[in-house]
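Hi,

Here is the structure I promised to pass on. Have a look at it first, and then read my notes below.

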Amino acid sequence: MLEWIQNNVSDAALLWVAISVVSFVVTLVAIPLILVWIPEDYFLKSRRERPKLIKRHPVVRVTLTVIRNLIGYILILAGLVMLALPGQGLLTIFVGILLVNFPGRERMITWLLDLGKIHQTVDWMRAKAGKKPLILHEPDEH
């Protein structure tokens, strides 16, 4: 069987299969951990405060911001690939969006969660871990 694979399957195809398997396993473990780790009031405007990152040295702040955004964009791209390959594509895209910085990010994340399916899945994962569901809006908002 191994000989048949070596003769009939290209190295590029094997690489894509390996990437697919690794991304599936990593997202299967990492994405739920990240979504459970987020505090339930993470998306409330009243909770938002200046990040601790601002208090750091400018070089450290810029380096960490670049790394965070790079990881976020990699997750977004991996999530897009996972829409066709095995993996949790929508949740991976969602976590990638959580990490990147762009204007209107909070509104986009709340809009995505308001669509329902992602929010239901996230809250289901949180419930399995004994965490409270995410609160998307302030109590006085409708």
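**The nonpolar core**

This is a predicted model, and I started with its largest nonpolar core. That core has 21 residues, and the ones touching the most other members are Leu35, Phe43, Leu91, Phe94, Leu98, Ile109 and Leu113. Two or more residues come from each of helix H2 (11-37), helix H3 (58-82), helix H4 (89-99), helix H5 (105-114) and helix H6 (117-128). The top contributor is H4, with 6 residues.

**A closer look at H4**

H4 is worth some of your time. Of its 11 residues, 9 are buried, so the helix is largely enclosed by the rest of the structure. The buried ones are Gly89, Leu91, Thr92, Ile93, Phe94, Val95, Gly96, Ile97 and Leu98.

**How H4 meets H5**

The axes of H4 and H5 are 10 Å apart, and the two helices pack at an angle of about 155°. Since that is over 145 degrees, H4 counts as roughly antiparallel to H5. The crossing is left-handed. On the H4 side, Phe94, Ile97, Leu98 and Leu99 make the contact, and on the H5 side it is Arg105, Met108, Ile109, Leu112 and Leu113. Leaving aside residues up to four places away in sequence, Ile109 touches Phe43, Phe94, Ile97 and Leu98.

**How far to trust it**

The protein chain has an average pLDDT of 79, with 80% of the residues scoring at least 70. Among its elements, H3 has the highest mean pLDDT (88), while helix H1 (residues 2-8) has the lowest (66). Where pLDDT is low, the predicted coordinates shouldn't be read in detail.

Cheers

Definitions and conventions: Residues are numbered from 1 along each chain as its sequence is written. This is a predicted model: local features need pLDDT of at least 70, side-chain atom pairs count only at pLDDT 80 or more; totals for chains, interfaces and linings use all residues. Side-chain values use heavy atoms; hydrogens and water are left out. A nonpolar core is a set of buried Ala, Val, Leu, Ile, Met, Phe, Trp, Tyr and Cys residues joined through side-chain atoms within 4.5 Å. Buried means under 20% relative accessible area, exposed over 50%, partly exposed in between (1.4 Å probe, protein chains only). Helices (H or I, at least four residues) and strands (E, at least two) are DSSP runs, numbered from the N terminus. Contact means heavy atoms within 4.5 Å. pLDDT is the predictor's confidence in each residue, from 0 to 100. Axes are lines fitted to C-alpha atoms, for helices over the stretch in contact, and angles run from 0 to 180 degrees between N-to-C directions. Angles under 35 degrees count as roughly parallel, over 145 as roughly antiparallel, 65 to 115 as roughly perpendicular and the rest as oblique. A crossing is left-handed if the near helix is turned anticlockwise from the far one by less than a right angle, and right-handed if clockwise.
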